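I opened these notes to keep track of what I looked up, one topic at a time, and to set down the reasoning wherever a step called for it.

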Amino acid sequence: MKTRVFGTEIEYALVFSSTSKSDRSSLDTRPLLERMEDMSSLLAEALKSSGRPVAGQFLGNGGRYYVDRGAHPEYATPECSSVRQLVAHEKAGDRIVRELVRDADRITALQGRPERLRLFKNNVDAWGNTYGSHENYLITPRAMERIGLIIPFLVTRQVFAGAGKVVANGAGDVPFQVTQRADFIERVYSDRTRETRGIINLRKRELPRYGQNLRLHILVGDANLSEHAIALKVGTTALVLRLIEETTDICVPGLDAPVDALKTVSRFPNRPVKLVGGKRSYTAVDVQTIYLEKLLNFFQNQERSAEEDTILRWWSSTLDGLTKLKLSEEDGLLLDDPGDLHRRLDWVLKLWLLNRVRASGRLGARDSRLRLLDISYHELDPETGLFERCESLGLVDRLLEEADICRAMHEPPRDTRAWLRGMIIQCLANANVDVDVRNWELIRIVAGTEDGTNLHPFKKLSRTLNRLDIKLEDPLLSDDASIVERLNAFSQTCSVDLSGLTEVL
Amino acid sequence: MSESHRTQIPKRKRLRTPEEETPSSSPSASDPKRDQKLKELDEFMESVLEKAGEEFLEEFKQVEGE
């Protein structure tokens, strides 16, 4: 599949922070879930009053904002067709949720409440509870049949895609792990998203259509702050999927116990993991190098896009940098980083930052205050977030311009069905219709009444007679004359003005 | 499809990195501007440690998500 459609889903963490030390104790009296639902409700209120075009859970940029399990606010990017587009849209999601938090703080201030909200993009709280960041890739049925070939890649890609984690004072454990999620994965495949999570999730929300492309749902990744880390994670995964789809005979190193290997690599990124048969072992970088080499061979006879070429080069230079990276895993120390990976990879940057504090002699390897810095790294606030501070100081390499992110906050990707969804939401926001985006594949438009109000949901017959369903089953559908024809016919039949939309489409 | 015995780690001709194709904008290690930035960074991390307080670790509790 040369045009890959992909997207990410990020569950954010919210925390009430008292503006007054004396009120801190009163916050703790409420049950946790109640507190979290309160915070999510404030964001919903902020979204409602923001003036941002919304239809159900979907936004005018084609993405989806909603409250997921555990009352976590979640942003799912629209369907993207390039890595750069995806990075821009994931970052746009961060900004959208950050704006909602800022607006929610104004609401609490008006209510006279002595607290403000703090927003974090990570995967584990200070108590060991986790929340996800998932990836979705459109793949062919053939690739899904052979999806086991990607497992060693997914287990080991954490060496560049991990977000890093300071480990609590666990006896016998290392002070720092490469990933946040490894300890919460228990299976290779699972249909659960809690308790027994799999590297790959097999839950199928959409009806599988025989012979058509399918959604690959990956649970094993960390939420990244670094634009380069997001690009590498998604870009290399897309490349490996292409290899699996378009080659007939590839051999990859089979891991003896993939879930154990995931946890081992997270703790000891340089330690070899056992292969099937138990006679040989490879390090994570070895395994990644094998996949990279197979792709380089593959592209000797196949065309590659400019973006695929870029990802291959970044992947290669990153693996070179990882080979030269010197760590003291037992002490959680970064000894040497000649490839300057701390400018591009989250876990290396986090370790580099922690080392700076430890170098002052104030904090030891097991000091619990290092966890404060870990959490601060993920705070999405330019004033208080550690990663954001590094970015503003120019200490990290960027992939995007600010304008790319701002654009993605408002504009859907032009070459997937997200364009149709986003344009319908934007252009009909003030029209005399009720737009109901039922899910990723179906948009229902119901004509309003003559006095300009929406038909009441209980008037089911009238809503049925005056509605238009637009199905978007093909993720690559972005331009369809038949949809415009149907919109025009609906416009005439129901006497509603949809010209603003049909002109854009 | 997977195997453990025949797969060898190939010796790879190193691809040129993006940094080698375009001059890096990052300042050198002895750059005074970089030193100033690192000083600001260290001060920022100190302020995080001072302001947050260890009680924040108690407050940073979430309901399990997906």
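**Helix H11, then its surroundings**

I began with the span of H11(A): its 14 residues, at 1.5 Å a residue, should cover 20 Å, and because the C-alpha atoms at its ends are 20 Å apart, expectation and model agree. I note here that the model is a predicted one.

I then looked up burial along H11(A), and found Asp346(A), Trp347(A), Val348(A), Leu349(A), Lys350(A), Leu351(A), Leu353(A) and Leu354(A) to be buried. Just past the end of H11(A), I recorded a positive phi of about 85° for Gly361(A).

**A helix pair**

I turned to H7 (residues 227–246) and H9 (residues 284–298) of chain A, which pack with their axes 10 Å apart and at an angle of about 60°. Since angles from 65 to 115 degrees count as roughly perpendicular, this angle makes H7(A) oblique to H9(A). I entered the crossing of H7(A) and H9(A) as left-handed.

For the residues involved, I listed Leu239(A), Val240(A) and Leu243(A) from H7(A), which meet Tyr291(A), Lys294(A), Leu295(A) and Phe298(A) from H9(A). By class, I put six of the residues in this contact of H7(A) with H9(A) down as nonpolar, none as polar and one as charged.

**The contact between chains**

Lastly I looked up the contact of chain A with chain B, to which chain A gives 59 residues and chain B gives 36 residues. Among the elements of chain A that each supply at least two residues to the side touching chain B, I noted H9, helix H10 (306–324) and helix H11 (346–359). I divided the residues of that side of chain A into 28 nonpolar, 15 polar and 16 charged.

Methods. Residues are numbered from 1 along each chain as its sequence is written. Chains are lettered from A and ligands numbered from 1 in the order in which they are written. This is a predicted model: local features need pLDDT of at least 70, side-chain atom pairs count only at pLDDT 80 or more; totals for chains, interfaces and linings use all residues. Axes are lines fitted to C-alpha atoms, for helices over the stretch in contact, and angles run from 0 to 180 degrees between N-to-C directions. Helices (H or I, at least four residues) and strands (E, at least two) are DSSP runs, numbered from the N terminus. Angles under 35 degrees count as roughly parallel, over 145 as roughly antiparallel, 65 to 115 as roughly perpendicular and the rest as oblique. A crossing is left-handed if the near helix is turned anticlockwise from the far one by less than a right angle, and right-handed if clockwise. Two residues are in contact if their C-beta atoms, placed from the backbone, lie within 7 Å. Ala, Val, Leu, Ile, Met, Phe, Trp, Tyr, Cys and Pro count as nonpolar, Asp, Glu, Lys and Arg as charged, and the others, Gly among them, as polar. The expected span of a helix is 1.5 Å times one less than its number of residues. A residue is buried if 20 or more other C-beta atoms lie within 10 Å of its own, exposed if 12 or fewer, and partly exposed in between; C-beta atoms are placed from the backbone.
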